[in-house]
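Colleague: Could you take a close look at the ligand site for me? I'd like to know what surrounds the ligand and what touches it.

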Amino acid sequence: MKRISIFGLGYVGLCTAACFAHKGFKVIGVDVDSERIKMINERKAPICESGLNELLKTSVESQMLHCTEDCNYAVKNSNVSFITVGTPYQRNGNVNLKYVQSVANDIGKTLRKKQKHHLIVLKSTVLPGTTENIIKPIIEKRSGKKCGLTFDICYNPEFLREGSAIEDILNPDRIIIGEFTRKSGDILERLYCEFYGQKTPPVIRTKPSTAELIKYANNAFLATKVSFINTIANMCQAIPNADVTIVAKAIGFDKRIGPLSLNAGLGYGGSCLPKDVKALASFSKRLGIKPLFLKTVEEVNNLQPHTLLKLAEMLVGDIRGRRVAILGLAFKPNTDDVRDAVSMKVVNGFLDKKAEVIVYDPMAMRNAGKILKNKVEYASSAIECVDDAECCVVVTEWPEFKTLRCEDFIGHMRTPTVIDGRRIYNPEEFGRKLKFAAIGLGRRTND
Ligand code: NAD
């Protein structure tokens with residue numbers, strides 16, 4: 001039976017662990033957070049991801065997944081160790097590698113005592129050269145062994161989207177393997193073939209530094225699409241009767257462009273795109289290549305939440321003292337993650353203008369509360385949130401917000417005014433029945 005260990009049980013690590021266990025691999029999960037380990041071993045998911053609870057329940061019950069803080073035990077009892085710890089961005093433009101380095105140290109020390117071959121697979125997002133120049137030397141030094149002999153390292157980036165992490169792990173578009181030696185790439189490719197069987201996606205094998213760059217290029221391109229369509233959205237707002245959703249649909253039919261990641265809105269957020277675009281721009285600068293393009297993508301994104309505030313002022317006038325309902329705090333639907341979420345910029349924008357803010361999110365209230373504390377009021381449903389509000393803004397496109405009708409706003413709000421930051425409402429109907437504005441929607445002149 002294949003035995004693997006996974007270091008770092010966050011969004012990437014825990015979902016990967018649950019999927020491997022579900023596919024019949026014996027998985028040992030390792031984390032430094034004892035509370036998190038206890039929860040997982042009790043079959044409770046510490047994060048919200050669709051399908052994760054069910055997978056955890058069966059895999060922990062069947063003992064295919066077991067979590068521990070004991071690195072020694074994990075390395076001794078597995079042939080492959082995945083590293084999936086966080087790599088946050090630092091203000092100085094570098095990626096903070098302290099968690100990855102700490103795991104590399106721990107694994108290296110343990111390898112000193114292990115005779116059998118061990119493969120280490122780094123999945124965390126790191127800049128080109130990191131695996132070769134930072135991680136490999138740490139493990140070689142700590143283990144006293146040479147990479148390519150009794151142990152190997154591969155870089156294998158992860159592309160899952162929070163909110164559909166399990167689905168994405170089970171059905172990836174491709175697998176990228178960055179390898180120092182052919183043997184290590186073969187081991188990892190075989191492992192994935194065993195995991196996916198007939199459904200194995202295209203596998204691209206290359207050098208670690210190319211694999212590292214692929215991950216950043218991928219995220220930077222997605223961010224580019226978002227900033228591009230938001231630029232068009234801003235133009236639409238200034239053109240009577242224009243609508244960005246129609247523009248996006250039309251250009252999305254062009255095979256060279258494609259329909260995905262072309263949703264105009266409040267910009268990209270979350271724990272990956274913002275930090276990865278920033279890190280790639282800093283890296284480019286260090287290479288002596290001015291990151292003009294990436295800087296523009298970032299600048300467009302930073303300005304986008306202000307568009308919403310401008311629309312609010314256009315509809316309600318002075319915001320000071322007005323009661324504003326915020327629908328959605330998670331950085332995207334189906335997750336409880338608020339790291340670098342646009343919602344925080346929107347809430348703070350309204351607070352700066354001295355509005356009275358009430359918020360609601362189906363999953364992210366607990367995480368948002370840790371950041372917003374007592375600066376805002378918290379509602380326990382969408383209807384409670386809009387009740388008596390003078391302006392409502394949709395920040396996250398949760399399915400349950402899509403089911404709200406004009407009458408729900410009219411029946412509960414003090415002054416029914418809705419700003420659709422994610423283009424989930426029918427502009428004709430909402431524009432006719434209440435005060436309404438939306439990102440990428442030009443002023444209607446035909447009604
Ligand atoms: P996360 O912050 O959710 O989880 C990281 C986990 O690592 C935490 O549970 C933490 O306690 C644990 N940890 C820290 N130090 C440790 C150590 N020394 N040993 C064992 N565990 C330790 O992180 P995440 O969002 O899952 O992201 C992980 C990596 O994957 C990052 O590099 C990220 O950029 C990349 N990534 C994330 C996503 C995503 O959607 N979240 C998608 C693709 C790639």
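Modeller: Let's fix one term before we start: a polar contact is a pair of N or O atoms within 3.5 Å; within protein, one must be able to donate a hydrogen and the other to accept it, and residues adjacent in sequence count only if both atoms are side-chain atoms. Keep in mind that this is a predicted model, where local features need pLDDT of at least 70, side-chain atom pairs count only at pLDDT 80 or more, and totals for chains, interfaces and linings use all residues. Residues are numbered from 1 along each chain as its sequence is written, and side-chain values use heavy atoms, with hydrogens and water left out.

Now the contacts. In the side chain of T87, an N or O atom sits 2.5 Å from an oxygen atom of the ligand. Backbones join in too: a polar backbone atom of V12 is 2.8 Å from a ligand oxygen, and a backbone N or O atom of T125 is 2.9 Å from one. On its own the ligand has 840 Å² of accessible area (Shrake-Rupley method, 1.4 Å probe), and the protein covers 89% of that.

Stepping back, 27 residues surround the ligand, with V12, D31, T87, E162 and K275 coming nearest; to count as near, a residue needs a heavy atom within 4 Å. The shell splits into ten nonpolar, nine polar and eight charged residues, with Asp, Glu, Lys and Arg taken as charged, Ala, Val, Leu, Ile, Met, Phe, Trp, Tyr, Cys and Pro as nonpolar, and the others, Gly among them, as polar. Helices here are DSSP runs of H or I, at least four residues, numbered from the N terminus. The elements giving two or more residues to the shell are α1 (11–22) and α5 (98–111), and α5 gives the most, with three residues.
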